[in-house]
Amino acid sequence: MTPREQHPTPSKDEIALLEPFERLGLDRIVLVNTAAQAREACAELTDNAVWGFDTESKPTFFKDQVSDGPHIVQLATQQRAWVFQLHDPACRDQVAALLADARYTKAGFGLGDDTKRIVSKLNVEPAAVLELNTLFRQRGYRKDMGVKGAVAVLFNRRFLKSKKAATSNWANPHLSEAQLVYAANDAWAAGRVHQRISELW
C-alpha cells in the first residue's frame, strides 16, 4: 500500500494573490427572526439535501468569560442563505428542529465549538453534521483547511472575510448589512465547497 500523498495547505500569502471568490449579495440573503419567517425558510431549505452551515456568537473578551452563543445560525443552499436570529423562542425552536433532522447534511468548517454551543443553548444535538476539514485530511491535507484554504484549493479563488464583521456583536437585535453578508457567505461558501468536492472527488 503506497503512502497517502501529502498536500500543503495554501499560505495566506499565496491566497492573497488570487482573484476574489464570488459572494452572495443581500438580494439572496434572508434574515429570519420570527416564527412565520422561520416556517418559510424551513420550507425552502427542506427542498435541498445538503446545507452549508455555520453559527456566530458574540465575542468574549475576558479569560474564563463564557459565551451564551450562538446568537445566529446560518444555513445555505447553492442559491440562497438564511441568517436565523435566536431571540424569538418560536424561531429558535424551528432552527433546533432543522439542526436535529438527520435527513439533511449540514456541511461546514470548524464545527466542534458550534455544535457544543448549540447543544447548550438549543438543547438539541445537531444531526448529520459534516466537518469539511475531515474530508481534506482524508485527501492528504495535514492542517485544518478552513473555508479560505478550501476555496483557494478547489476554486483557485480568495474568500473574502471581514475581520471587523467577525468580531462584531452578533447578539445585537439589529444586524448590519456587513454582518449579514459575512454570516451568509460563510455558510454559502461551505455549501459550495461541499458541492465541488462531490463533483471532483
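A hairpin joins strand β3 to strand β4 through 4 residues. I start there and work outwards. This is a predicted model, in which local features need pLDDT of at least 70, side-chain atom pairs count only at pLDDT 80 or more, and totals for chains, interfaces and linings use all residues. Residues are numbered from 1 along each chain as its sequence is written, and side-chain values use heavy atoms, with hydrogens and water left out.

First, some terms. Helices (H or I, at least four residues) and strands (E, at least two) are DSSP runs, numbered from the N terminus. Two strands pair if DSSP finds at least two bridges between them.

Back to the hairpin. Strand β3, residues 72-76, and β4 pair in the antiparallel sense over 5 bridges. I72 has Q85 as its bridge partner in β4. There is also a pairing of β4 with strand β1, residues 29-32, which is parallel and runs over 4 bridges. In that pairing L31 stands opposite V83 of β4.

Is β4 itself buried or exposed? Buried means under 20% relative accessible area, exposed over 50%, and partly exposed in between, using a 1.4 Å probe and protein chains only. In β4, residues 81-85, 5 of the 5 residues are buried, so the strand is largely enclosed by the rest of the structure. In a regular strand the side chains alternate between the two faces of the sheet. Here A81, V83 and Q85 point one way, W82 and F84 point the other way, and all are buried.

Now the whole sheet. It is an open sheet of 6 strands with mixed pairing, in the order β1-β4-β3-β2-β5-β6. Its edge strands are β1 and β6 (129-131), each pairing on one side only. From one strand to the next, the twist averages 25°. Axes here are lines fitted to C-alpha atoms, for helices over the stretch in contact, and angles run from 0 to 180 degrees between N-to-C directions.

At the β6 end, β5 (residues 105-108) and β6 pair in the parallel sense over 3 bridges. G108 has E131 as its bridge partner in β6. One residue of β5 to look at is K106. K106 is buried, with a relative accessible area of 0%. What does K106 contact, leaving aside its neighbours within four places in sequence? Contact means heavy atoms within 4.5 Å. The list for K106 is W51, F53, L98, L99, D101, L111, A127, A128, V129 and L130. K106 and P126 are 20 residues apart along the chain, and their C-alpha atoms are separated by 8.6 Å.

Next, the helices on the sheet. Helix α2 lies across β1, β2 (50-56), β3 and β4, and runs at about 145° to β4. Helix α8 also packs on the sheet, touching β1, β2, β3, β4, β5 and β6, and its direction makes about 145° with that of β2.

On to helix against helix. Two packed helices are described by the angle between their axes and the distance between the axes. Helix α2 (residues 35-45) and helix α3 (residues 89-100) pack at an angle of about 20°, with axes 8 Å apart. Angles under 35 degrees count as roughly parallel, over 145 as roughly antiparallel, 65 to 115 as roughly perpendicular and the rest as oblique. So α2 and α3 are roughly parallel to each other. A35, A38, R39, C42 and L45 of α2 meet A90, C91, Q94 and L98 of α3. By class, this contact has 7 nonpolar, 1 polar and 1 charged residues. Ala, Val, Leu, Ile, Met, Phe, Trp, Tyr, Cys and Pro count as nonpolar, Asp, Glu, Lys and Arg as charged, and the others, Gly among them, as polar.

The second pair is α6 and α8, which pack at an angle of about 40° with axes 10 Å apart. That makes α6 oblique to α8. From α6, V147, A150, V151, L154 and F155 make the contact, and from α8, D186, A189, R192, V193, R196, I197 and L200. The classes here are 9 nonpolar, no polar and 3 charged residues.

How enclosed is α6, residues 146-155? In this helix 8 of the 10 residues are buried, so it is largely enclosed by the rest of the structure. Its buried residues are covered by elements including α1 (12-16), α5 (132-138) and α8 (177-200). Just after α6, N156 takes a positive phi of about 55°.

Last, P8, in the segment before α1. P8 is exposed, with a relative accessible area of 68%. P8 and M145 are 137 residues apart in sequence and 9.7 Å apart in space, C-alpha to C-alpha.
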